[in-house]
Amino acid sequence: MKIEEFTLERIQSLYENTVEYNLSDSGVHPYSLRELLTPEQQTRLLDVELGYGWTNGRVELREAIARLHKGRNADEVIVTNGSAEANFLLVMSLLEPGDELVVFVPNYLQIWGWARAIGVTVKEVVLREELGWTPDLDDVRKAVSSRTKMMTICNPNNPTGSVLSRETMDGLVAIAREHGIYLHADEVYKGAELEQDEPPSFADLYEKAIITSGLSKAMALPGLRIGWLVGPAQEIYASWQRKDYTSITTGAVSEFVAEIVVEPAKRQEILERSKRILRENLALLQRWIDENSDLFSFVPPKAGGMAFIRYAMPMNSTELVHRLREERGIMLLPGDVYGMDHYIRIGIGAPAHHLEAGLERLAAFVRAKLS
């Protein structure tokens, strides 16, 4: 198997821990266990036996995740080591060489890369900036063919922070249902909507929907490495068969904490913290954009921990990011990793003072290069 380098993850892995100001993250500043758990829960955590658990996830945890959706049960959930393993299992369970996969871009390109590696034909539908980084349904209809097996979308979107309207969600479901294809949605940023109530999951709207979610992004708990798939029982069982060949099981400590945080009251508490941090930082970013509007522009994100920003200089985005890292100690993500030069992704989930200092250095660098 030949696989293309996952450039986004490679850049972050190499450099995110070597800079003074890391603004490349797309999640919210994480909790510590002491901050997250009550003293009684911390004591119980110390009594957790570090043995093997259920290979598809602890029953009580799967039941708790199922309750986040309408009419779902534990057999329609598999718990994975992060949402990345969930995406991997999805591809290896549902797609075969010769199938077609419709991917909405820009997007987190893990599924795109795995699908191409196993011989799937990947067709791209471009999210339109003039539509607030959402798809034109006519473009979707043109992309779907008799060979299409699945559509995959990230909602809320990485990297733009856009959120699909209910009308667009219903339109995608209608297209998928008409053709009898799977509709996959990466929903790891769901719950971090800044201007609206949390929308429904695609798993609540369509019988052949499969969703990826987890605790890393909106839930601000990436170190737990807990993700999951929710979908039809048969497809979830197929993903469980593949998991037996990968990580076997998730960690007992992580599952203990996960069971606490997915309960509705605690989940809402965590999401309110995330939204407070993101709203405050987005206001900071908006002021910075306004002050530097001759250099930068963007469609303000409506959810999630990042913004996708266009810059007004001829330098390639990868070159810009490496120069900023080497000369100013700032880490960003280049638009190149999404196939879109002259954009950068900036994380807005960091502490405000960290974001503000990094933005000041970014503006100073660009002004110096244009002077």
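**Exercise 1. Find the residue opposite Glu-100 in E4, then place that strand pair in its sheet.**

Step 1. Glu-100 faces Thr-121 of E4. The model is a predicted one.

Step 2. Strand E3 (residues 100–105) and E4 run parallel, joined by six bridges.

Step 3. Now take the whole sheet. It is open, has seven strands with mixed pairing, and follows the order E2-E8-E7-E6-E5-E3-E4.

Step 4. Check the edges. Strand E2 (77–81) and strand E4 (121–126) each pair on one side only. From one strand to the next, the twist averages 20°.

Step 5. Add the helices. Helix H4 (residues 59–66) packs on the sheet and touches E2 and strand E8 (226–230). The direction of H4 makes about 115° with that of E2. Helix H9 (residues 233–243) lies across E2, E6, E7 and E8, and runs at about 30° to E2.

**Exercise 2. Work out how H12 and H13 are oriented to each other.**

Step 1. The axes of H12 (residues 317–328) and H13 (residues 352–370) come within 11 Å. They cross at roughly 110°.

Step 2. Angles of 65 to 115 degrees count as roughly perpendicular. H12 and H13 are therefore roughly perpendicular to each other.

Step 3. Look at the contact. Among its residues are Leu-320 and Arg-323 of H12, and Leu-362 and Phe-365 of H13. The contact residues comprise six nonpolar, no polar and five charged.

**Exercise 3. Describe the largest pocket and its lining.**

Step 1. The largest pocket holds about 970 Å³ of space.

Step 2. Its lining counts 47 residues; Leu-8, Glu-9, Gln-12, Tyr-108 and Lys-217 lie nearest the centre.

Step 3. H1 gives the most to this lining, with five residues.

Step 4. By type, the lining has 20 nonpolar, 18 polar and nine charged residues.

Methods: Residues numbered from 1 in each chain as written. Predicted model: local features only at pLDDT ≥ 70, side-chain atom pairs only at ≥ 80, totals over all residues. Heavy atoms only, no water. Axes fitted to C-alpha atoms, helices over the stretch in contact; angles between N-to-C directions. Helix = DSSP H or I, 4+ residues; strand = E, 2+ residues; numbered from the N terminus. Parallel < 35°, antiparallel > 145°, perpendicular 65-115°, else oblique. Contact = heavy atoms within 4.5 Å. Nonpolar A, V, L, I, M, F, W, Y, C, P; charged D, E, K, R; others polar. 1 Å grid on protein atoms, 1.4 Å probe; cavity = no way out; pocket = protein on both sides within 12 Å on 5 of 7 lines; lining within 4 Å. Points joined across faces, edges and corners; volume = space filled by probe spheres on them. Pairing = 2+ DSSP bridges.
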